[in-house]
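Visitor: I'm new to this one. Could you take me through a single part of it, up close?

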Amino acid sequence: MSLAVARKPLRADAARNVDKIITAARQCFREFGPEVPLQTIAATAGVGPATLFRNFSDKEELVLAALNRQLRLTVDPVVDSALADIDAAAGLLRVMEALMAAASDDANLLGAVAGRRELLTGITGSLMESMSVLLVRGQGQGSLRADISMTDMFRLLAMLIGVVDTMEPGSDAWRRPLALVEDAIRSVRPGRPLPVHVPLPAASLAGQQPI
């Protein structure tokens, strides 16, 4: 979905409308969930439906634009810092923390493209490239397992993102599984306790058998 990440330069008024729409989208998805109508987002942004559709052809494109902006604002600065850090493994873990925090904050946006996570490739390509650099550096420094591939990292990240579906939006319950992933990819297991256990929300437990 290159339209979500490569947009033509906009006039100042059009750029303000896009900013208002994306801000409203994040607010509405948080308040009303993944199925919020585009008309509600337009009304919240203070623009007409025609203005919204002139900038975003469908909900999918709007969701990707909103996710892209949050990654650029919240994750990219962490990536830049991590690439400048001498300790590549520590930098890689900080990037993963930032990514999981963003996923938790915008859980309902992710829910709107559930089952089509391949759409996220267009907005995470540069992130994956930077993580690959950090992985190779960490392996060279001996702090990350030499037998871990970027394919492994991609799948581990996909598993971690899936954790968002098992917790309350905005929760930091992802910290415990992320710590378990850190234990798995470091060459020496960190000597620290796991983050606090956070129970599954009641909705996730409905219909589940005790184990």
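Guide: Let's look at one pair of helices and a residue that sits in their contact. First, the ground rules: this is a predicted model, where local features need pLDDT of at least 70, side-chain atom pairs count only at pLDDT 80 or more, and totals for chains, interfaces and linings use all residues. Residues are numbered from 1 along each chain as its sequence is written, and side-chain values use heavy atoms, leaving out hydrogens and water.

Our pair is H4, residues 59-84, and H5, residues 88-105, whose axes lie 8 Å apart at an angle of about 175°. Helices here are DSSP runs (H or I, at least four residues), numbered from the N terminus. The axes are lines fitted to C-alpha atoms over the stretch in contact, and angles run from 0 to 180 degrees between N-to-C directions. That makes H4 and H5 roughly antiparallel, a label for angles over 145 degrees.

Which residues make the contact? From H4 come Leu71, Thr74, Val75, Val78, Val79, Ser81 and Ala82, and H5 brings Gly91, Arg94, Val95, Ala98, Leu99 and Ala102. Contact here means heavy atoms within 4.5 Å. By class, that gives nine nonpolar, three polar and one charged residues; Ala, Val, Leu, Ile, Met, Phe, Trp, Tyr, Cys and Pro count as nonpolar, Asp, Glu, Lys and Arg as charged, and the others, Gly among them, as polar.

Now zoom in on Arg94, found in H5. Leaving aside residues up to four places away in sequence, Arg94 touches Val78, Ser81, Ala82 and Asp85. Val78 is 16 residues away along the chain, yet its C-alpha and that of Arg94 are separated by 7.0 Å. Arg94 is partly exposed, with a relative accessible area of 28% (between 20% and 50%, using a 1.4 Å probe and protein chains only).

Methods. Helix = DSSP H or I, 4+ residues; strand = E, 2+ residues; numbered from the N terminus. Parallel < 35°, antiparallel > 145°, perpendicular 65-115°, else oblique.
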